[in-house]
Structures are given as C-alpha cells and as structure tokens.
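Visitor: I would like to go through this model and ask, point by point, on what grounds each description rests.
Guide: Go ahead; each answer will set a value against its criterion.

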Amino acid sequence: MELRRRDFMDFKEVLKHLSEAGGVSGQEGPVRYIASDALGKYADDVRVDTFGNIVALKRATIQRTNESPRVMLAAHYDEIGLIVTKIEERGFLRFSTVGGVDPRTLPGQEVVVQGREPFVGIIGAKPPHVQSPGESKNVIKLEELFIDIGLSEDEAKKFIKVGDLVNFKRDFVELSDNMVAGKSMDDRAGLVVILKALKELSMLNHQVDVYAVATVQEEVGVRGATVSTYGITPDIGIAIDVTHGHMEGVSKRDTVQMGGGSAISIGPHVHPKLFQSFVDISREVNIPYQIEASPTPAGTDAFAIQITREGVASALISIPLRYMHTSVEVASMDDIKEAGRLIAAFIARIDQQYVEELKCF
Amino acid sequence: MLLKRLSEAFAVSSREDEVREILRQELKEVTNEIRTDVLGNLIANNKFNEGMPKVMLCAHMDEIGLMVTYIEDNGVLRFESVGSIDQRVLVSKAVRIGKNKVPGVIGAKAIHLQEPDERKKILKIRDLYIDVGAKDKKSAEKIVNIGDYVTFDTHFQELPGDHVKGKAFDDRIGCLILVEAMKRLRDSDLNIYAVFSTQEEVGTRGAGVAAYAIDPDLALVIEATTASDVPSVDKALYSTAVGKGPAITVMDRSFIAHQGIRERLESVATEHGIPYQLRQLLGGGTDAGKIHLTREGIPSGGISVPCRYIHSPVSIASMDDVNNAVELVVRFVESIEQKGLPRI
C-alpha cells in the first residue's frame, strides 16, 4: 500500500510537468521530450513518427503465436492555444485561436509566445476607463484582444513571426480531495492514464503487444491518430481522453461524475464487445466506472482509429474534467489512477481468440 | 527582489499583514520610529527635527481581491469582489483563499456545452464560483470559511526591456518607491513621514486618519495608475504610457493637485533630467482625495507609475519608470529642504 501511494505521487508529478509544458497543435515539441521520457520508463522501444506521434511498444510477456495481437492505447498530447496573426505598431501581437477557445476566458490570461525563444505575455484589452458607457456589459471579442510581451516593435519582429504558436501559462495546482487543476489536462491526463496502465502491466503477464501512443493534432481534427493507427495496424485501439464532469450550471444529462471513475463510452465508435468487456472487468476487479452515452462518433482519437485501414475495434475511456478548454481544467487523480488500472486489467485478460471474435457479429 | 516579494504577498483590503511585515523589516534600519494605528496603517519617520516642516509620503499596501460569501452544497464557493474589478477578467484564473492560501480555480462552462447565444453574454460575477476540488460542502468547510479573502495566484517575473509583470502593482510599486526614497532621505532635516496606508481600494479609508494624526504641511501620494497605451485606444485617451516616466497628477475624480506641488514636481523633474508625463485621467481616485480634505486642508500632490491591465490578475510596468519615480520623490523632498514648501 505504501509503495502504491508513492507511485501515485510520481504520477501527479509527471502530470504537473506535462500540464505546464507548451504544446499547441502542430508544435508539440516541448511536451514531446517529457512524454517520451516518461513512456520510455515502461516500454521496450520508443519511436517518434513523421507527424510527431510518440509510439512506445511494450511487447507481450507470453507469446503463443508468431505474431502477438496488437492493442493501441492513444492519448493526445497537443493542446488548444493561439497563433500570432499580426505584429502591431509598438510590438503588440494580434492572434487567432487554434482549437476551440472561448474568447471570454482570455482577458488577463498569461501566455507563452513560442517565438525564436519563449516570451511570457499577457492578453490585454482596452482598459475600462476608456470604454464608452455600457461597453463593460459586452463580451470582449477576439479581434479586440492582443498580447503584450513588453518588446518594442523592432525587437518583436526580430524574435517573433506571424504564425508562431502561443500556449496558455498556468502553474499546476493541487486542490483538495485529490483534485488537480491546470491547463492541458485535456489530454495530458489521458497520457498519465497510459503511464499508469503500463506501470501496472509491468507487474502482470499479457499476451498482446501494447502500443502506447501519444498523438498530435487531435484538437485540430484528430489527425495524429489517423496516421499512427495506419502505421501500427492494431487489432484493438483504445482512446483515452477527457469528458465533461459535473459542474455548477450544467445539466447532469450532459456530464459524468467527478471522482466517479472512468467514463466508459457506448456508441457507434465503440465496439460493443469492448464496451462490455470494460464494464465486466470493472465489476470483476472492483474498479469504479460510469457509462457515458456518445450517440455521435466525433471529437476523439477513437473516431479516427476505428476507420483506419480495414477497420479497428475501438473503445473510448474518458476522464471526467471540469472547465474543459480553459486554463484551469480540473481532474481527479483518483479517476486517472483507476482508469489506468482498468486498462491494464483489460489488456492482461485478452488473447488471440478474443481478438478474432471481435470480427464475428 | 523587493518588488517580487511585495507583489506576491497577499494583502486584500483590511488584511494587509503580509505586506506590512515586509515593509516593517525593510524600514527598521532606515527610520527612527515605526508605528501602526487603529486602521493598520504603517507609519515611519526619519527622525524628529524640531520646528521643521512635516512632509507626508503615502502609498497604499492593500490590493483588490475577492471574498467568499457562500458555500454551495456541492462544495463550490460563491464570492464578491473587494474593490473594483472588471468581472470579465475573472474567468479561467487561479486564486488563493484565506490565511492558509488554499488553492482554487474560477472555471467556466466548457465551450462545447454552450449554446451559441451564451457566448455573446459576459460571465457575471454572481454566476461565477471558485472550485477548490472539494466534493461537497462539508469537505469545503474543512479548508475554507465564509468571509475568507481571496487573491489572484500570480507570480512576479521580469520581462524584456526593463518591464516587469505581476499582481498588485497597484500599489506595491508605490510601497517600493517609498521604501527606496526613505533609504535615501534618512538624513534629511525635514520631518518625513512614510505612510503605508490600508483600505485604499475600498474607498481610500486608511490614509485620511493617518494624515489627521500626522497633520503634515504637505502630502505626496505615490500610486500605480492605468496606462492605456494599447492598440485600439486613441492616443488622446492614453491617460499615461508605460516607459515614458512617472506621471504627475493634475486632477482626478477625488482631488485637484495643489498647483504649487504640481509645478514644483515638474520643475524638479526638468532640472534633474527625469522624464515625466502628466496623468490625463479624470476618473479614479487616490488616497490624496482623503488626505487633502483632512483637518483644515493639506496641500497634496500625486505621482504615479503607469501600469497596463491594472485591477486585473496581472499587470505590466516599467522598472525605468519606477526608478525615475524614486528619483523624482527624492529630488522633490530635497527641493523643499532647499527652497521651502511650494506655494500656490
């Protein structure tokens, strides 16, 4: 028990590093080193593909056939952010969004502009005292905002160019009841689930090769998963992402419970047998879970994995998350840990026959 | 760095203890007497010089913040603002709550769950809440209380070009300037009173009582003020600009600067080659509003350091402006020693 708690602290530490690093879709570099280091601890081999996807392989410990079945685990490590569109007079930067950003969350937000070197900046707007009466009742639009980095126009143009990406700046925060907050929990939390699963698997035997993939460009159209799945050609693909957790002002119809365990998705993009296995195993080994109905296949790596090559049996396990796509996303370390256990338990239980039966409807 | 310590200290109006402690330590070596009054103002003077004019220099210690007003059954905290905050800057920020600095965040409904119409509406302070991670009210009550003060969780940092960013520059920058000035003025023959006032942000409540007690011949308030030198603002409306030197107050909503003081500040700046600008702001008030109406009236003036994004979780200022403000305060006080008090 003591040992387990210490591991758990390590995962929180890893999540902190992953969360605080910058990796806006298309420029995931700063996170890549942290993620590949972490995956390397538990894998037999780690490689990075041409897109920037990190593919870590943990080979089957029991080999019954020439070629072991392949299970792919996917969590994306890109994040939403901003992109510089113009360098204004006196060095202020205009920007647009990369991925789904609510402009209302931007005023007063600190950012890091990934120029020739990283620059800390603040998102500013017209100050209240020069606004006309009533203006403070209006939403500040994206085109009214700018980034202030304290550089003159000449310096700004020297170090920053149009097209440079900008990530939010937020220190990882430990809240009470084992909750944590920060930016990019979507989907670095998913990455930590994979790490936890690999760690558990190192103490178990398994008959399948596990391809743990940290994918890129999810936030701009699940692109990294598309190519990495093609490269791996897995028999089973499990996407680990985040979903909306209960919060004030949102109907319980649209959310799952924070701290209530992994959300196992049911819907067109989830193979019915995989869904059932996850539910059965959760019950069998006493892992908390909840079921999330996803009637439309969209928005996660499972969407891309399922329709690769001849088709891949896919599943989606999600971590409950509050305030998605803000810089203060909140998740529960308990949910992350339990999801890792669930995935490991699933992998330890499947074999060649299980994989073949997935084609039999 | 003193400004870093001052900026990162927590001191929402009426809970200025952390800043007061830092200042008390800094002033111990350079002042003769340090005392506090019933409102918590920290008052230090150089030495007592019988029969010499009394000059009061004033900067406020407190900052804007929030206060926990209610704990919901599901464990989230409702809050109101302490001082004036544009409610549109609150969402997606990290905060610290109460004496134990319990971390929390102000979240917002995910963009995916919003109706298109919702995105056109601002998020009002009454709809926002702080999430400390507590699973319910009972769990929250173990770590926070109704009435706890809340500050933004913002780090101080140096930026390029002598710029700095951090929270509460209004008016920790003023506190810094006043400390630095006192270090240089310790041997002055005038009676110099440094007043670090409380509760400025909730109606300039501290400075007036300190001024009454000291009964100075002249008062100079050192502030951080709005700089609106940002895109989409007409240059005529800049009020002040960052990096153009300290701003000398002409008038604001709370007072009209004593003409003699204002002119002396300008002539001292010119004489010593200190860049300055005039604060072209008619809104906003400062401690000078209270001080100049104390007793039979106290000649008062103001200088401020321009800060962008004031009253938000994070501001930007120029250390050049700060250093020039120190120089201006010192030279101004020295001019009183040499030429006497400014007259109208």
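Visitor: In what order do the 8 strands of the open sheet in chain B stand?
Guide: The model is a predicted one. In chain B the order is β1-β2-β12-β3-β13-β16-β14-β15, and the pairing is mixed.

Visitor: What makes β1 and β15 of chain B edge strands?
Guide: Each of them, β1 (33-36) and β15 (277-279) of chain B, has a single partner strand, so one side of each is left without a neighbour in the sheet. From one strand to the next, the twist averages 25°.

Visitor: How do you know that β14 and β15 of chain B are paired?
Guide: Pairing requires at least two bridges between two strands. Strand β14 (residues 247-249) of chain B is joined to β15(B) by 3 bridges, so the criterion is met. The two strands run parallel, and B:Ala247 stands opposite B:Gln277 in β15(B).

Visitor: Which helix of chain B packs on the sheet and touches β13, β14 and β16?
Guide: That is α6 (residues 259-271) of chain B, whose direction makes about 50° with that of β16(B). Another helix, α4 (residues 169-184) of chain B, lies across β2, β3, β12, β13 and β16 of chain B. The direction of α4(B) is at about 140° to β13(B).

Visitor: What is unusual to look at in the peptide bond from B:Asp170 to B:Asp171, cis or trans?
Guide: The bond is cis, with omega near 15°. B:Asp171 lies in helix α4 of chain B. Chain A has a cis peptide bond from A:Asp186 to A:Asp187, with omega near 10°, and A:Asp187 is found in helix α4 of chain A.

Visitor: Why is A:Ser184 called buried?
Guide: The cut-off is 20 or more other C-beta atoms within 10 Å. A:Ser184 has 30 C-beta neighbours inside 10 Å, and therefore counts as buried. This residue sits in the loop between β11 and α4 of chain A. Its phi is positive, about 60°, although it is not a glycine.

Visitor: And what makes B:Ser239 buried?
Guide: B:Ser239 has 26 other C-beta atoms within 10 Å, which is why the term applies under the cut-off of 20. B:Ser239 is in the loop between β13 and β14 of chain B. It is not a glycine, yet its phi is positive, about 60°.

Visitor: Which residues of helix α5 of chain A are buried, and what covers them?
Guide: In α5 (residues 223-232) of chain A they are A:Arg223, A:Gly224, A:Ala225, A:Ser228, A:Thr229 and A:Ile232. The cover includes β2 (54-58), β3 (70-76), β12 (209-215), β13 (236-244) and α7 (301-306) of chain A. After α5(A) comes A:Thr233, with a positive phi near 50°.

Visitor: How many residues does the largest nonpolar core have, and which have the most contacts inside it?
Guide: The core has 224 residues. Those with the most contacts inside it are A:Leu73, A:Val193, A:Ile343, B:Leu57, B:Ile177, B:Ile222 and B:Val329. Helix α4 (residues 185-201) of chain A gives the largest share, 10 residues. Neighbours within four places in sequence aside, A:Leu73 is in contact with residues including A:Ile194, A:Ala197, A:Val210 and A:Ile343.

Visitor: How do you know that the radius of gyration of chain A agrees with a compact globule?
Guide: For 361 residues a compact globule would have a radius of gyration near 21 Å; chain A has 21 Å, so the two agree. The C-alpha atoms of chain A fill a box of roughly 70 × 45 × 40 Å along the principal axes. Of the 361 residues of chain A, 57% count as buried. The chain has 9 helices and 17 strands.

Visitor: How many residues does each chain bring to the contact between chain A and chain B?
Guide: Chain A brings 54 residues and chain B 57 residues. On the side of chain A, β7 (118-124), β8 (146-148), β10 (173-174) and β11 (179-182) each supply at least two residues. β7(A) gives the most, with 3 residues. By class, that side of chain A has 22 nonpolar, 16 polar and 16 charged residues.

Technical notes: Residues numbered from 1 in each chain as written. Chains lettered and ligands numbered in written order. Predicted model: local features only at pLDDT ≥ 70, side-chain atom pairs only at ≥ 80, totals over all residues. Helix = DSSP H or I, 4+ residues; strand = E, 2+ residues; numbered from the N terminus. Axes fitted to C-alpha atoms, helices over the stretch in contact; angles between N-to-C directions. Contact = placed C-beta atoms within 7 Å. Core = buried A, V, L, I, M, F, W, Y, C linked by C-beta atoms within 7 Å. Buried ≥ 20, exposed ≤ 12 C-beta atoms within 10 Å, placed from the backbone. Nonpolar A, V, L, I, M, F, W, Y, C, P; charged D, E, K, R; others polar. Rg over C-alpha atoms; globule rule 2.2 N^0.38 Å.
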